[in-house]
Amino acid sequence: MNNHSSIVLIIGNSRLHWALFIDKTLYSTGDIFHLSASIIQQLAQCPTLDNWLTAISLPNNLPIIPDYPIPLILASVVPSQTALWQSYPHLRLITLEDVPLERMYPTLGIDRALAVWGAGITWGFPTLVIDAGTALTFTGADNHQCFVGGAILPGLGLQFASLGQETGQLPLLKPGLMISLPLHFAMNTSDAIQSGVIYTLLSGIKDFIEAWWRLFPGSQVVMTGGDSNLLKTYLYQQVPDIAERLIVDNYLIFQGIGNIVIR
Ligand SMILES: Nc1ncnc2c1ncn2[C@@H]1O[C@H](COP(=O)(O)OP(=O)(O)OP(=O)(O)O)[C@@H](O)[C@H]1O
Ligand SMILES: CC(C)(CO)[C@@H](O)C(=O)NCCC(=O)O
Ligand SMILES: [K+]
């Protein structure tokens, strides 16, 4: 039997997330920084496994010989990056029209739509997805597979970056510096920033989850994105009963895409 492989790229605001599907199986995944225009051009002109290996360090011990050109499935929330891929010879661009959810609004991010679809098919509807990426988003869907709305705020890294970059005296902190939560009322600048950002973020997350459970009691809540494990760890220390019910799944968008296009 012939195997078919495809590469899935999700272009987020800070990073690019890739997956290799072999037939319907999610074979491997990774995160890299955005690719330069010249690398993308090279891939578009010569879409071989070797070029993909160099561009995104795909595993080079594949159990199959991939098709040529290697099919590329792309979902992007960065239009300038999307534009660079238009000349790729075997490109399938995923848009909201591909996502079988009802009642989405036209400017909804494709990452949010795919993540909530992926969460629903993997963990069951209704579902609330918390994507802790560059932006932190809440995205809900009900048991009729209808989009229920959500919210957008600056993610953990962006909150630290905005304080570090837009003030004269505050240092630039990165997420993940502390393992246990600081005191609420801190006695130095670094702890004060961490306390302010983390505690307000955690109570915001708690508030949205509780509001969701008032609408959909017993619903799954799934967290994904670059800061998901860190935030779940903090949430355990602050509200263990909520954290215990929270699923972390970093493959939601890939599962959503796989379900839609790889059949
Ligand atoms: N190796 C890493 N490089 C960069 N960011 C990382 C890394 N590991 C964890 N992170 C965290 O990931 C967050 C960004 O998340 P993610 O990579 O999911 O965002 P993204 O690429 O913008 O995707 P999205 O647009 O879906 O949010 C940052 O706040 C950062 O703290
Ligand atoms: C909110 C982000 C930046 C999260 O990646 C992305 O989903 C996006 O650009 N969305 C468009 C606006 C919206 O979802 O309402
Ligand atoms: K923007």
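**Exercise 1. Find the polar contacts of ligand 2, then say how far the protein covers it.**

Start at Gly109: one of its polar backbone atoms is 2.9 Å from an oxygen atom of ligand 2. A polar contact here is a pair of N or O atoms within 3.5 Å. The model is predicted: local features need pLDDT of at least 70, side-chain atom pairs count only at pLDDT 80 or more, and totals for chains, interfaces and linings use all residues. Residues are numbered from 1 along each chain as its sequence is written, chains are lettered from A and ligands numbered from 1 in the order in which they are written, and side-chain values use heavy atoms, with hydrogens and water left out.

Next, take the side chains. An N or O atom of the Tyr105 side chain is 2.4 Å from an oxygen atom of ligand 2. For Asp111, a polar side-chain atom lies 2.5 Å from an oxygen atom of the ligand.

Finish with the area. Alone, ligand 2 has 380 Å² of accessible area (Shrake-Rupley method, 1.4 Å probe). The protein covers 75% of it.

**Exercise 2. Place Asp111 in the structure.**

Step one: Asp111 lies in helix H4, residues 110–123. Helices are DSSP runs of H or I with at least four residues; strands are runs of E with at least two; both are numbered from the N terminus.

Step two: list its contacts (heavy atoms within 4.5 Å). Leaving out residues up to four places away in sequence, Asp111 touches Val77, Asp131 and Ile253.

Step three: check the record. An unreviewed UniProt entry lists Asp111 under "active site". Such annotations may be inferred rather than shown by experiment.

**Exercise 3. Describe the five-stranded sheet and the helices on it.**

First, read the order: S8-S7-S6-S9-S10, an open sheet with mixed pairing. Two strands pair if DSSP finds at least two bridges between them.

Second, find the edges. S8 (147–154) and S10 (246–248) each have a single partner strand, so one side of each lacks a neighbour in the sheet. Neighbouring strands are turned by 20 degrees against each other on average, direction ignored.

Third, look at one pair. S6 (127–132) and S7 (135–141) run antiparallel, joined by six bridges. Val129 stands opposite Thr139 in S7.

Last, add the helices. H6 (189–215) packs on the sheet, and its direction makes about 5 degrees with that of S7. H7 (228–238) lies across S6, S7, S9 and S10, at about 155 degrees to S10. These angles run from 0 to 180 degrees between N-to-C directions, with axes fitted to C-alpha atoms.

Note on methods: Polar contact = N/O pair within 3.5 Å; in protein donor to acceptor, adjacent residues only side chain to side chain.
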